[in-house]
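Me: Could you take me through one part of this protein up close? I would like to hear about a single strand and its neighbours, and then how that part fits into the rest.

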Amino acid sequence: MSGEKRKFYRMPMEHLAEFREYDLSKSDSELIPSKVKDVSGGGVLFESTIALQVGSLIKVKLNLPGWHKHKTEFIKPDWKSTNEPLVTLGHVARVEELKEGELYEIGIIFTCIDEDHRNALTKYIEDLKAESAA
């Protein structure tokens with residue numbers, strides 16, 4: 001029996017993301033760029049030059065090309081010409097300092113994600129996993 005307790009498969013990847021502490025008074029222009037290390041249907045791990053507090057509520061904008069083609073909408077746009085980011089809220093589950101005062105690894109658990117978006121993200125990851133195994 002495996003010791004893995006995760007509900008979702010984590011896919012290593014290097015895509016861009018943006019984040020900020022969730023605050024309705026702030027605009028998306030205040031999002032901080034970061035690099036995704038891995039993503040799953042349950043959360044994301046990324047690098048940041050800013051240390052966050054465990055438990056903080058974070059807005060995350062993931063730029064994952066093609067994830068939205070798996071959405072189950074009644075009317076779908078042309079997914080090849082659209083690059084819609086996945087936007088969700090999550091809580092900081094862990095923070096690890098990689099370079100003292102300069103670089104941090106931030107683990108986010110999605111806590112406010114549309115279930116259709118979660119399902120589309122999970123299918124997107126399954127497709128990537130299948131492609132990498134081929």
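Reply: Leu89 stands opposite Cys112 in strand 7, and that pairing is a good way into this predicted model. Leu89 lies within strand 6, which covers residues 86–99. Strand 6 and strand 7 run antiparallel and are joined by nine bridges. They also make a hairpin with three residues between the strands. If you look at that turn, you will find Gly101 with a positive phi near 70°.

Now stay with strand 7 and look to its other partner. Strand 4 runs antiparallel to strand 7 as well, with six bridges joining the two. One place to see this is Gly43, which stands opposite Ile109 in strand 7. So how enclosed is strand 7, with its residues 103–112? Seven of its 10 residues are buried, so strand 7 is largely enclosed by the rest of the structure. As a reminder for reading any such strand, side chains alternate between the two faces of the sheet when the strand is regular.

Strand 4 is worth following a little further, since it leads to an aromatic pair. A search of the whole structure finds one such pair. Its members are Phe19 and Phe46, in a tilted arrangement with 4.8 Å centre to centre and 35° between the planes. The angle counts as tilted because it falls neither under 30 degrees, which would be stacked, nor over 60, which would be edge-to-face. Phe46 belongs to strand 4 (residues 43–48) and Phe19 to strand 2 (residues 16–21), so the pair links distant parts of the chain, 27 residues apart. Phe19 has 1% relative accessibility and therefore counts as buried. Phe46 also counts as buried, at 1% relative accessibility.

Stepping back, here is the setting for that strand. The protein has one helix and seven strands, in the order β-β-β-β-β-β-β-α along the sequence. Of its 134 residues, 37% count as buried. Among contacts with a separation of 6 or more, 64% are between residues 24 or more positions apart. The accessible surface comes to about 8,100 Å², and 51% of it belongs to carbon and sulfur atoms.

One last detail to find in the viewer involves a charge and a ring. The charged end of Lys129 sits over the ring of Tyr9, 4.1 Å from the ring centre.

Key:
Residues numbered from 1 in each chain as written. Predicted model: local features only at pLDDT ≥ 70, side-chain atom pairs only at ≥ 80, totals over all residues. Heavy atoms only, no water. Phe/Tyr/Trp six-rings, centres within 6.5 Å; stacked < 30°, edge-to-face > 60°. Helix = DSSP H or I, 4+ residues; strand = E, 2+ residues; numbered from the N terminus. Buried < 20%, exposed > 50% of the residue type's maximum accessible area, 1.4 Å probe, protein only. Lys NZ or Arg CZ within 6 Å of the ring centre and 35° of its normal. Contact = heavy atoms within 4.5 Å. Areas by Shrake-Rupley, 256 points an atom, 1.4 Å probe, with all protein chains shown as cover. Pairing = 2+ DSSP bridges.
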